[in-house]
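Got the viewer open? Keep the selection box handy and we'll walk through the model stop by stop.

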Amino acid sequence: MTDRDRNAAPLCRASPRRGSAESGLSLTLAIALAAPLLAATVAGAAILRVPEEHASLRAAVRAATHRDTILIAPGTYEGGAFVDRKSLTFASRFLTTGDTALVSRTVLRGAAADMCAGFPGCVGRSVIEFGKAAHGSAVIGLTVTGGEDGIRSQAMVDITGCHIVGNGDGVDFVSGSGGTFRSSLFARNSDDGIDLNGRIQARIIDNDIRENRQDGVEYRLHAYRGPTQTIEFIGNRITGNRSDGIQLIDYPDVSNRVTRIEGNLCSATGDAAVGCLPDGRTIEDFGGAAVAERVLLIGNTFTGERYGLIGGANVAVLNNIFTGTLSSALRRVGGNSVASSNLFWK
């Protein structure tokens, strides 16, 4: 290998840079998203329009039935919607037009103080909250801001093409929930961009997760028995978060979980790109918990980080690039872990 080849080596293996979620989704994806809406309409589900037919988001939710779509015109609307015992889709007109400019122009803000009145199990103070029986719901092409949680869920809910900014937690998904988060922006939230707790089945794909005041993603591995639970972080840009990019919080039991972190670009994290903490703690101390659950760290690029990976006792660290790390690329990674075919550069 020549000196020129060596200097070029990091560029040959870097994770592919995908389009920014903030710049919007492609028209092709918009058409794909609109297809189920048209099929549902044919099947008898309704489209409820805000504000033309219903003056507020909450009024539309009250009027909607299972599998309806709430289609929201550009503007700013009060949130505080609670959904349970039915699946609903909340969407801007991006869903039907493919116009990505409509995402930032269609804003759900804050939450009404009395949103939980008459709804057992509702926590409140979220812009949108989904109860345990709201599986199959979706949020598409909206800006969600100003809540203690932007979106809180106890059910399987998909999030696509959204800007979830300026909340406490951007999203807060609790045990029994999950879904696919795709092509969205989770930014400048005062706690975590994405907060996952307990028995979760989720795919987090092609998002921008950045500049959150605590972690980009916080995932609590609460006690769990049952079929394998899988969390996938694939092709995201996780940058400029003040604590960890992805934080795995361990608990005393060993649960049947796999966390797959693949093809992401991580940079400029305040603490660690991926940090493992013990005993339910969430303040990064760089001790590196010996998390026994399986973690696959494959094909990522870590650049300009304070630390790369801290902790883990069952981690496969394969084919990653670590470049410009300020402290250690790998710290206290032990047990049954393996690191192979990685590039440690500068």
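Here is a short tour, with something to select at each stop.

Before you click, note that this is a predicted model, in which local features need pLDDT of at least 70, side-chain atom pairs count only at pLDDT 80 or more, and totals for chains, interfaces and linings use all residues. Residues are numbered from 1 along each chain as its sequence is written, and side-chain values use heavy atoms, with hydrogens and water left out.

**Stop 1: the open sheet**

Turn on the cartoon view and look for an open sheet of 10 strands with parallel pairing, in the order 4-7-10-13-16-19-22-25-28-31. Its edges are strand 4 (81-83) and strand 31 (330-331), each of which pairs on one side only. Strands here are DSSP runs (E, at least two residues), numbered from the N terminus, and two of them pair if DSSP finds at least two bridges between them.

Now select residues 194-197 and 217-220. These are strand 16 and strand 19, running parallel and joined by 4 bridges. Which residue in strand 19 stands opposite Leu196? That's Tyr219.

**Stop 2: Gln247**

Next, pick Gln247, which sits in strand 22 (residues 246-249). Gln247 has 0% relative accessibility, so it counts as buried (buried means under 20% relative accessible area, exposed over 50%, partly exposed in between, with a 1.4 Å probe and protein chains only). Show side chains and you'll find a polar contact, 3.0 Å, between the side chains of Gln247 and Asp244. A polar contact is a pair of N or O atoms within 3.5 Å; within protein, one must be able to donate a hydrogen and the other to accept it, and residues adjacent in sequence count only if both atoms are side-chain atoms.

Leaving aside neighbours within four places in sequence, Gln247 is in contact (heavy atoms within 4.5 Å) with several residues, including Val217, Tyr219, Leu277 and Glu284. You've met Tyr219 already: it was the residue opposite Leu196.

**Stop 3: Thr143**

Jump to Thr143 in strand 9 (residues 143-145). Is Thr143 buried or exposed? With a relative accessible area of 8%, Thr143 is buried. Select Val103 too: its backbone oxygen lies 2.8 Å from a polar atom of the Thr143 side chain. Not counting residues up to four places away in sequence, Thr143 also touches others, among them Ser104, Leu108, His163 and Val165. For a distance to try yourself, the C-alpha atoms of Thr143 and Ser184 are 9.8 Å apart, with their positions 41 residues apart along the chain.

**Stop 4: the rings**

The structure holds 7 aromatic pairs. Zoom in on Phe181 and Phe186, whose ring centres are 6.2 Å apart with planes at 40 degrees, so this pair is tilted. For the cut-offs, rings of Phe, Tyr and Trp (its six-membered ring) pair if their centres lie within 6.5 Å; planes under 30 degrees apart count as stacked, over 60 as edge-to-face and the rest as tilted. Phe181 is buried at 0% relative accessibility, and Phe186 is buried at 0% as well. Add Phe173 to the selection, and you have one aromatic cluster with Phe181 and Phe186.

**Stop 5: three more strands**

Select 294-298 and 315-318: strand 26 and strand 29 pair in the parallel sense over 4 bridges. Leu297 stands opposite Val317 there. Strand 29 is also joined, again in parallel, to strand 32 (residues 338-340) by 3 bridges, with Ala316 opposite Val338.
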